[in-house]
Protein chains: 2
Amino acid sequence: MTTTTRAGGGAQADAQPARPELPLTDLTVCCAPESGSALSSEEAEQLAAVLKAVAEPTRLRLLSMVAASAGQEACVCDLTEPVGLSQPTISHHMKVLVDAGLLEREKRGVWAYYRLVPERLGAVAAALSPPA
Amino acid sequence: MTTTTRAGGGAQADAQPARPELPLTDLTVCCAPESGSALSSEEAEQLAAVLKAVAEPTRLRLLSMVAASAGQEACVCDLTEPVGLSQPTISHHMKVLVDAGLLEREKRGVWAYYRLVPERLGAVAAALSPPA
DNA sequence: GCTCAGTATTGACGAGTGTCAATGTCTCGC
DNA sequence: GCGAGACATTGACACTCGTCAATACTGAGC
């Protein structure tokens, strides 16, 4: 299994069967010290997939707005206006963030509330931790 | 100036005049705790610009290969073969990483050596640090 | 000066992505 | 049940991006 250094201690690999490969907190560290080996293609694609979700100004703002909200959750109705984009666009970005595992969706009545997943974000940050 | 929480303590804002806005270790924290305000458009674009450079499997592999090399530096000739892409493509990716401030280029004779900039990578990781 | 090897640049092409208008779906209140 | 509001989905468009072939550039050795 090549026990390389990894980020996040949770390592709940058996999450949902619907998503075949989405380790919540199990991301290979990008830039390990000199002795560590480089990323494989699969590891690089996994990390890049999550980073792609974050590497977009609008999504970063949405993520930060959710994190800054009380209880670290917010609904689309609160996000559409300050961002200044159409509602379908916001909905699309939120879906990307949910698919990346960075947000969780919960529908309460008519409203859809999105909540931050700190462990996932922490795993990404740890994967980018500098060597030494 | 809105002194928000930031990542990295260096804050050498006056770097090179050639690059107008490339604060090496001065990136606004994305997802601050509840009291912290959300990212502005400029802050989000700055962070996203660096993340875009990293959110690509090939560039992640190149970055990790440079970091894993002895002395944390490597030349293009060492990277082309294991990645399995053409030399212009590798050169292109390296330029993107240099422009993002994640790598530094130094030409020694005919060879171009790329060295990791840990502070920059650390600033990105810190900017993505989870709240609380 | 000339040749050669290591890199960088240019141009072009296909794939991917952010955006919006229009439409669909679901829940609540009447 | 019905209309209204909140959100998701679809289709279309412009734009960006990753890749390669071809070419230009640059430093070393003869």
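**Exercise 1. Take stock of the elements of chain A and give their order along the chain.**

Solution.
- Count first. Chain A holds 5 helices and 5 strands. The model is a predicted one.
- Then read from the N terminus. The elements follow the pattern β-β-α-α-β-α-α-β-β-α.

**Exercise 2. Work out the strand order of the open sheet of 3 strands, and explain which strands stand at the edges.**

Solution.
- Lay out the sheet. Its order in chain A is β3-β5-β4, and the pairing is antiparallel.
- Find the edges. β3 (73–75) and β4 (103–108) of chain A each have a single partner strand, so one side of each lacks a neighbour in the sheet.
- Add the twist. From one strand to the next, it averages 30°.
- Look at one pair. β4(A) and β5 (residues 111–116) of chain A are joined by 6 bridges in the antiparallel sense.
- Pin down a bridge. A:Glu106 has A:Tyr113 in β5(A) as its partner.

**Exercise 3. Place helices α2 and α3 of chain A against the strands they lie across.**

Solution.
- Start with α2 (residues 57–68) of chain A. This helix lies across β3, β4 and β5 of chain A, at about 90° to β5(A).
- Go on to α3 (residues 76–83) of chain A. This helix lies across β3 and β5 of chain A, and its angle to β3(A) is about 75°.

**Exercise 4. Describe burial, contacts and exposed area for chain A.**

Solution.
- Burial: of the 132 residues in chain A, 47% are buried, with under 20% relative accessible area as the cut-off.
- Contacts: take those with a separation of 6 or more. Residues 24 or more positions apart make up 56% of them in chain A.
- Surface: chain A exposes about 6,600 Å². Carbon and sulfur atoms supply 53% of that area.

Key: Residues are numbered from 1 along each chain as its sequence is written. Chains are lettered from A and ligands numbered from 1 in the order in which they are written. This is a predicted model: local features need pLDDT of at least 70, side-chain atom pairs count only at pLDDT 80 or more; totals for chains, interfaces and linings use all residues. Side-chain values use heavy atoms; hydrogens and water are left out. Two strands pair if DSSP finds at least two bridges between them. Helices (H or I, at least four residues) and strands (E, at least two) are DSSP runs, numbered from the N terminus. Axes are lines fitted to C-alpha atoms, for helices over the stretch in contact, and angles run from 0 to 180 degrees between N-to-C directions. Contact means heavy atoms within 4.5 Å. Buried means under 20% relative accessible area, exposed over 50%, partly exposed in between (1.4 Å probe, protein chains only). Accessible areas come from the Shrake-Rupley method with a 1.4 Å probe; for residues, only the protein chains shown count as cover.
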